[in-house]
Amino acid sequence: MNSFGRIFKVAIFGESHGESVGVNIDGCPAGLPLTVEDFLVDIERRKGGTQKGTTPRKEDDLPIFKSGLFNNKTTGAPITIIFENKNTRSGDYEKLRDFPRPSHADFVAHDKFGGYEDYRGGGHFSGRLTVCLVAVGVIAKKLLQYQNIAVAANILEIGGEKDLEKGLQKAIDAKDSIGGIVECRANVPKGLGEPFFDSAESLISHAVFAIPAVRGIEFGTGFAAARMFGLEHNDAIIDTNGTTRTNHAGGIVGGISNGNELVFRIAIKPTASTPKEQETLNWNTGEVDTFSVKGRHDLCIALRVPVVLEAVTAMVLTDLMLLEQRIKRVV
C-alpha cells in the first residue's frame with residue numbers, strides 16, 4: 001500500500017494539507033554519516049516556486065529527524081523523517097468539493113474511502129509526498145556512492161520540444177499545462193534483479209509509477225524496438241565483462257542488470273489542474289457541469305520530476321544491492 005522494498009523498506013505518510021508529510025526507512029545500514037545539509041540540494045531541486053512553470057506554493061522542507069540518527073550517523077534502526085506543511089491554502093479546495101477534478105484521484109478516493117479522505121490538495125494522493133521520496137533518495141544515493149554508483153535524471157523534452165523553454169512557452173501561450181519526457185541513467189553492476197516478477201525493470205517500474213503524473217516507461221530503445229529487426233536490436237557482447245557494442249536493452253537482460261549503463265525514460269502527463277474551464281460531474285446535482293480549478297499548481301510538473309526519479313531509482317538499486325549483500329549492514 002504505502003510501503004516498498006524488502007530489506008531497504010520505505011513507507012510514506014501524511015497529506016498535502018495535513019500537519020506534515022513524512023517517511024520511515026527501515027533496513028538502512030548503520031554508520032552512514034547524515035545531516036540536514038545532505039538533503040538541501042535535492043530538496044531545493046524538487047521545490048516549487050523556484051523555477052518558471054512550477055507551483056508558487058513554497059515550503060521550507062527542512063527534514064526533521066525523529067529516529068534512526070545518533071551523533072549524525074545512522075544507527076541501523078528505522079529512520080523517521082517529517083516535513084512540515086506550513087504554506088497551505090485549504091480554502092481553495094472547499095470550493096471544489098462538489099466537483100471531482102478530471103484526471104485527479106478525487107473521484108476514486110471518495111469512492112474507495114467512503115468520503116472520509118482528506119481531499120485538500122489531493123490529500124495522500126498529492127505530489128507533495130514526493131518530498132518524502134526525495135529524502136529517501138538522498139540516503140540511497142549516499143549509500144550507492146560508496147559502491148561508485150551514480151544516478152542522474154534529466155528532462156529530454158517538454159510538450160514535444162527538445163528546446164525546453166520553447167515547450168514551456170507553448171503552455172504559457174495556451175494558458176494550459178503541458179507534459180514532458182524525463183530520462184534516467186545509472187552505472188549499475190552486473191547481477192541485480194531476478195527473472196520474471198522481481199526483474200530489475202519490474203521493480204524500477206513499480207517504484208516509478210509511485211510518482212504522480214507518470215504515464216509510461218521504456219528501457220533502452222523502448223517502443224522503438226518494435227520497429228527494428230532482430231539483428232539491428234541485438235546488443236553484441238564484445239568482452240568478458242559483458243560490455244556490449246550497443247545498449248538497446250538499456251542495461252538489463254532477462255530481468256538482470258548486465259553491467260552496461262541503465263537507461264530508461266518516463267512520460268509525464270500535463271498537470272491535471274489546469275486553469276482552463278472544463279467539464280466534470282457535479283456531485284450535488286448529479287449532472288455534468290463546467291468549472292475551473294483554482295489554487296496554486298505546476299504549469300509543467302515534469303520540471304520537478306528528475307530529482308524524484310533519481311530518488312526512486314536509487315531506492316530500488318539500494319534494495320537490490322542489499323539483497324545481493326554488496327552493501328553491508330554497517331557502513
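Start by selecting I25: the bridge partner of I25 in β7 is I79. Keep in mind that the model on screen is predicted.

Now widen the selection to both strands. Pick residues 20-26 for β3 and residues 79-84 for β7. The two strands run antiparallel and pair over six bridges.

Next, show the whole sheet. There are five strands, ordered β1-β2-β3-β7-β4. The sheet is open, and its pairing is antiparallel. Colour residues 3-4 and 64-67 to mark the edges, β1 and β4. Each of these edge strands pairs on one side only.

Move on to the annotated positions. An unreviewed UniProt entry carries a "binding site" annotation. Select H124, F125, S126, G254, K269, P270, T271, A272, S273 and R296, the residues that the annotation covers.

Zoom in on F125. This residue sits in the loop between α3 (106-113) and α4 (130-145). Is F125 buried or exposed? Neither: F125 counts as partly exposed because its relative accessibility is 43%, between the 20% and 50% cut-offs. Show its contacts beyond four places in sequence: A105, A109, F113 and P212.

Step to S126, placed in the loop between α3 and α4. Its relative accessible area is 13%, so S126 is buried; the cut-off is under 20%. Leaving out residues up to four places away in sequence, S126 touches S16, G121 and P212.

Finish on P212. Display it with both loop residues: P212 is among the contacts of F125, and P212 is also among those of S126.

Conventions
Residues numbered from 1 in each chain as written. Predicted model: local features only at pLDDT ≥ 70, side-chain atom pairs only at ≥ 80, totals over all residues. Heavy atoms only, no water. Pairing = 2+ DSSP bridges. Helix = DSSP H or I, 4+ residues; strand = E, 2+ residues; numbered from the N terminus. UniProt positions renumbered as here; feature names shortened; annotations may be inferred. Buried < 20%, exposed > 50% of the residue type's maximum accessible area, 1.4 Å probe, protein only. Contact = heavy atoms within 4.5 Å.
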